[in-house]
Amino acid sequence: MITDVRVPLEQQPYSTAYEQMLEKVCYEGAYPTRERADEAVRLILAGLGRQLTGDERVDLAACLPLEAARVLTAQIPDTQPLGGWDFVKDLAARSGAYPATTRWDTGSVFAAVTSHAGPNLITRILHQLPAGWALLFGQAELNPAA
């Protein structure tokens, strides 16, 4: 995407792919506006960018619209990834929102991410992350038998 250097990035129109992603997030999360969906996408993808490393991070960024990929890859990964619920609590603390609201946002955004990434990449991502993430992506989390 070629950008006009005279217009700040925040004021430039979104790509069609990102607009479609926002529409999916609006639908999944029942958000009243695209602006609300955009806030959720930016918060959740920034948080995910702090958790993912390696090929999964690169492959996910390649699947996402450019605007979403930039948010994901602008983050420096944490040295210790968080479990699913800790991820939600961390995002809630950063945003000042309730954990239940943040959990809702996470599911809405991850539904759109899954549609871009596909099941194989999501499975690889879930194998990289600690326990508790599958539910955030709308999947059952099976524990190995003891």
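This is a short tour of a predicted model, from one helix to a helix pair and then a loop residue. Local features need pLDDT of at least 70 and side-chain atom pairs count only at pLDDT 80 or more, while totals for chains, interfaces and linings use all residues. Residues are numbered from 1 along each chain as its sequence is written, and side-chain values use heavy atoms, with hydrogens and water left out.

**Stop 1: helix 5**

Select residues 84-95, which form helix 5 (helices are DSSP runs of H or I, at least four residues, numbered from the N terminus). From first C-alpha to last, its 12 residues reach 17 Å. Now colour Gly84, Phe87, Val88, Leu91 and Ala92: these are its buried residues (under 20% relative accessible area, 1.4 Å probe, protein chains only). They cover an arc of only 135° around the axis, so they sit on the same side of helix 5. An α-helix has 3.6 residues a turn, so residues three or four places apart point the same way. The buried residues pack against helix 2 (34-49) and helix 6 (99-117). Step on to glycine 96, which follows helix 5 and has a positive phi, near 80°.

**Stop 2: helices 2 and 4**

Add helix 4, residues 66-73. Helix 2 and helix 4 pack at about 45°, with axes 7 Å apart. Show Arg42 and Leu45, among the helix 2 residues that meet Ala68, Val71 and Leu72 in helix 4.

**Stop 3: leucine 64**

Go to the loop between helix 3 (54-63) and helix 4 to find leucine 64. Is leucine 64 buried or exposed? At 7% relative accessibility, leucine 64 counts as buried. Its C-alpha is 6.1 Å from that of histidine 116, 52 residues apart along the chain.

Notes. Expected span 1.5 Å × (residues − 1). Buried < 20%, exposed > 50% of the residue type's maximum accessible area, 1.4 Å probe, protein only. Arc of directions from axis to C-beta. Contact = heavy atoms within 4.5 Å. Axes fitted to C-alpha atoms, helices over the stretch in contact; angles between N-to-C directions.
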